[in-house]
Amino acid sequence: MEPINSSDGGADQVLVEEHSHVKKVVLNRPKQLNALSFQMVNRLLELVLACEGDCSVKLIILKGEGRAFSAGGDVAAVVRDISEGNWKAGAKYFRIEYIMNYVMATYNKPQVSILNGIVMGGGAGASIHGRFRVATEKSVFAMPETALGLFPDVGASYFLPRLPGFFGEYLSLTGTRLDGAEMLACGLATHFVPEARLSLLEEALCNANSSDPDIISAIIDEFSQQPRLKEKSVYHLLDIINNYFSRRTVEEIILALEREAVNTNDSWISSTIKSLKAASPTSLKITLRSIREGRLQGVGQCLISEYRMVCHVVQGKLSKDFMEGCRAILLDKDKNPKWIPSKLELVSDEMVDQYFSKLDDEDWEDLKLPTRSNLPLHVIAKL
Amino acid sequence: MASSLDRLAFRTKILTNHLLPTSQTAPPLLPSPCLNYTPPDLSDPSQFDTRHMRALLDGHNLADRDWLFGLITQSKLFCPRERGVGRVFVGPDYNQSMEQQREMTMRRIEYLLERGVFEGWVTGKGPEAELRKLALLEVVGMFDHGLSIKLGVHFFLWGGAIQFFGTKHHHEKWLRDTENYVVKGCFAMTELGHGSNVRGIETVTTYDSSTGEFVINTPCESAQKYWIGGAANHATHTVVFSQLNIDGNNHGVHAFIAQIRDANGNICPNIRIADCGHKIGLNGVDNGRIWFDNVRIPRDNLLNSVADVSPDGQYLSAIKNPDQRFAAFMAPLTSGRVTIAVSAIYSSKIGLAIAIRYSLSRRAFSVTPNGPEVLLLDYPSHQRRLLPLLAKTYAMSFAANYLKTLFVTRTPESNKTIHVVSSAFKATLTWHNMRTLQECREACGGQGLKTENRVGNLKGEFDVQSTFEGDNNVLMQQVSKALLAEYIAAKKRNRAFKGLGLEHMNKSCPVIPSQLTSSTLRSIEFQTDIFCLRERDLLSRFAAEVSAHEAQGQSKEYAFILSYQLAEDLGKAFSDRAIFQTFIEAEAALSSGPLKDILGLVRIMYALISLEEDSSFLRYGYLSPDNAAAVRKEVAKLCSELRPHALALVSSFGIPAAFLSPIAYNWIEANSWSSVQH
């Protein structure tokens, strides 16, 4: 299979700093907001696997260079592959990325991710599965895939539905952005540390010489703050969100919102409806299904399902919304994607089912996850 | 890890741990020399697509099921509790008082109502709406049988009675309000003195033409309505089954609507209600007793689809035959038997998923000196206890799906088939469930005794299934009776058997080879032949015995009662054959591949375990003693062949971890000292 193209060589896209017991890994593609290229996910996977077997490494710190932790996967490269007729290269990218997500989710050493900036899509996948996620006042989290004709992947079908109530449905369908305080409140982040204290935190972690999560947690606690949720935070609306986003289908969710919109002039209602209407109908439906199934499955099973879905997406037989979304949002930037089918009611349950079935292609196979051993308790509970 | 320690040091360390008293400041227990939990999920990878298998087993509305599972796990009302690190389980708090449990049931219903779970449960029409309702009810039942029973009473019995016995104005008046719980319904059929024999009930309703009202009365203590789910606390209305008496003429059992509480929950005048008290299970359901003291209801409250009374007191019925009229009244009970049969299988699935997962992580005894202890499921005896029950549960899962399809696509012509099949399956599947739960409880050892581990508790919660909506023994007798009627009709009029799967009776009698090889035993042809042979032979034996009794001057009814032994064998034969047929149909619909292969193995196990277990095969000579020995040997072989697939087979049940129990997962951590402190 062809390697995925990349605009630069990729050798310095992931920097590694060695400290006595700590491996500090820096995502270094700041111009692209640290979007994860194929080389980066490959390198990250290599690194985490190597550190796992290296008893001198007790802790991994993962951070981003510049104003983003990571804005996601390198979708532009995947789209290039697809348009060159090489969807299998795209599938390969996701395969490596999901295996990396799985290894991080089932890791036996603490990973501390410093989320000082944008953390979206693939960036969330490289951090949220780890043991510690440090948000700051600069954090911006989102899973914006439904607007791109994709769906929240990278194990999001495992971690989003485990947020309180139906917040996961809300985030995944609307792509709503959260700040650091909201990330902490809903559990996406484990700590909130002001940006100004990050370098001290990193220094303290480098001196910790421990893999004990309680000790690491206590160290981060020393630098942590309890941030206040902003007055207009969506997290204050959790009860309302639960009421709408617990509905059975996407149509019912929108219907309930629209009924309410008639009576009130609420800006949350109208912006929520607007996000949902802008997204790919197919994406919304497969996303809701994926989130709801994922709520009931282990992390490995979630990634296996997502891999089937994403392969259908890049193969483009069931729908070409992903290409269209990338065109409209990332390339032409006309923000006017023409989704096919264009309406929710045209996306049947059978069409949704197909995304979860094996691909009808000779040399395609299900995602094979590496065997894991020596798992800590909290990881066993994720299986 | 234990394996890296030398055995001697390991023993010494354990002994030291025993002997040295631990002070209060002792360091937390280290996992090292002790047992470690190894998740079976890592060592037993599935060799088939469990997702596809789940779709086969659940059959329909998978996304709706997952939605409801999620509604339950995401709400505090369903008592989520963390046991061990990161594992949350839901389930009612059975340690609450009966009254508290009943209130929780009602609050959970209100939550599900708000989320739109019951949309279309009464007002929806057609197979699609019915299947959705059944799927959601199954999920509710996996959380708590009591919750599904409480819903079943309101929607299927009360709501069903209005749908089936009522006419347009009843539908308009009650159905929408029922779906939205504006009224809470119950179903007053059973009395203290009459259960299965509904025609003998003693409640009497008379018509007063001077006021245009019916007057309902409980004439004696044995006529008090008994076991009425919803009556003790919550129901505002009831369907009352009663003898209808007009001017001294009894027209048999009819159904009426009566209000028993006002909107504030106060009991209405001339109604007396008492509690049935604490039960061995289902304490979240408020079963009560009702007495009617000349309760007056408007004439309109007669559910008049079968028969009506004119304002001046004329009795009018389109169905002249009282037997047929009564049969029409029994129709809604079919839906109950369908849901009971299906839910019994989901209960077995929970039991087996827990017991098998436990047996894949729990070890006992070493077989070699200093060797590691052996996993429970690696003992052939443990396999023999659980895996045949697993195969039967698969078979009955397909049977339950068939029954549901039959029910939701019912026509007037299919009523008889539904009655017979639902009776047979309700009895067979609920008996199977109780037996499975008991075996699973024992297979979990002491852990099976804990309520939090579900299996033992499910026994109490599901025990009633063999009694309500028709006592299992009575139902099985009705099956045999119906088969006998078919037989007599076919022989008398010399016409071919048609329906109830009896067509095989028209062919020549199958011949079983005198020596059964392994490959014969595993073939669908042999298995079909021997199930059919048993059924046809028992049917003719039964017919012969009944007619022999009749020839000796016994009444037809008494001749039937005297032939109970053959009746029992025959009912079972019918049921087993019908279940087997649904299995081979499910299997035939698959294209070849790993899924079909594994299902074939499970089907072989189902067939052969049925041969091994039912003594009628030996008693009547369908199997020679040598062949019975060959079957037994094959079953043992099948156990070891199914063993590698055990985990994947229970994973395919699609039951979320939160609905199983701590022993199905990391039971060491769930019982650790640190989890006590939380």
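Buried residues (under 20% relative accessible area, with over 50% counted as exposed and anything in between as partly exposed, using a 1.4 Å probe and protein chains only) make up 57% of the 678 residues in chain B. The model described here is predicted, so local features need pLDDT of at least 70 and side-chain atom pairs count only at pLDDT 80 or more, while totals for chains, interfaces and linings use all residues. Residues are numbered from 1 along each chain as its sequence is written, chains are lettered from A and ligands numbered from 1 in the order in which they are written, and side-chain values use heavy atoms, with hydrogens and water left out.

The overall build of chain B comes next. Its secondary structure comes to 23 helices and 15 strands; helices (H or I, at least four residues) and strands (E, at least two) are DSSP runs, numbered from the N terminus. Along the principal axes, the C-alpha trace of chain B spans about 95 × 70 × 45 Å. The radius of gyration of chain B is 28 Å, which agrees with the value near 26 Å for a compact globule of 678 residues; this radius is taken over C-alpha atoms, and the globule rule is 2.2 Å times the number of residues to the power 0.38. Among contacts (heavy atoms within 4.5 Å) in chain B between residues at least 6 apart in sequence, 73% join residues at least 24 apart. Chain B exposes about 28,300 Å², of which carbon and sulfur atoms supply 54%; accessible areas come from the Shrake-Rupley method with a 1.4 Å probe, and for residues only the protein chains shown count as cover. Chain B has 70 positive and 67 negative charges, and the mean positions of these sets are 3 Å apart. In this count Lys and Arg are positive and Asp and Glu negative, with His and the chain ends not counted, and each charge is placed at NZ of Lys, CZ of Arg, CG of Asp or CD of Glu.

A hairpin in chain B deserves a closer look. Strand S7 (residues 237-246) and strand S8 (residues 249-259) of chain B run antiparallel and are joined by nine bridges; two strands pair if DSSP finds at least two bridges between them. One of the partnerships links B:Asn245 to B:Asn250 in S8(B). Two residues lie between S7(B) and S8(B), and B:Asp247 in the turn has a positive phi of about 50°. Further along, the loop between S8 and strand S9 (271-275) of chain B holds B:Asn270. This asparagine has a positive phi of about 65° although it is not a glycine, and B:Asn270 counts as partly exposed at 42% relative accessibility.

Turning to chain A, there are 17 helices and 10 strands, and 60% of the 383 residues of chain A count as buried. The C-alpha atoms of chain A fill a box of roughly 60 × 50 × 40 Å, taken along the principal axes. Chain A has a radius of gyration of 20 Å, in agreement with the value near 21 Å for a compact globule of 383 residues. Of the contacts in chain A with a separation of 6 or more, 74% are accounted for by residues 24 or more positions apart. Chain A exposes about 15,300 Å², and carbon and sulfur atoms supply 50% of that area.

Six strands of chain A form an open sheet with mixed pairing, in the order S1-S2-S3-S5-S7-S10. Its edge strands, each pairing on one side only, are strand S1 (14-18) and strand S10 (191-192) of chain A. Within the sheet, strand S3 (residues 59-64) and strand S5 (residues 111-115) of chain A pair in the parallel sense over three bridges, and A:Leu62 has A:Ser113 as its bridge partner in S5(A). A:Val25 lies in strand S2 (residues 22-27) of chain A and is buried, with a relative accessible area of 3%. Not counting residues up to four places away in sequence, the residues touched by A:Val25 include A:Val14, A:Leu44, A:Ile60 and A:Leu62.

Helix H6 (residues 167-174) of chain A is largely enclosed by the rest of the structure, because eight of its eight residues are buried. Among them are A:Phe167, A:Glu169 and A:Tyr170. A:Gly175 follows H6(A) and has a positive phi, near 70°.

Most residues other than glycine have a negative phi, and most peptide bonds are trans. A:Asn209, although not a glycine, has a positive phi of about 55°. A:Asn209 is found in the loop between helix H8 (198-206) and helix H9 (213-223) of chain A, and is partly exposed, with a relative accessible area of 37%. A cis peptide bond joins A:Ile340 and A:Pro341, with omega about -5°; A:Pro341 lies in the loop between helix H15 (321-331) and helix H16 (349-355) of chain A.
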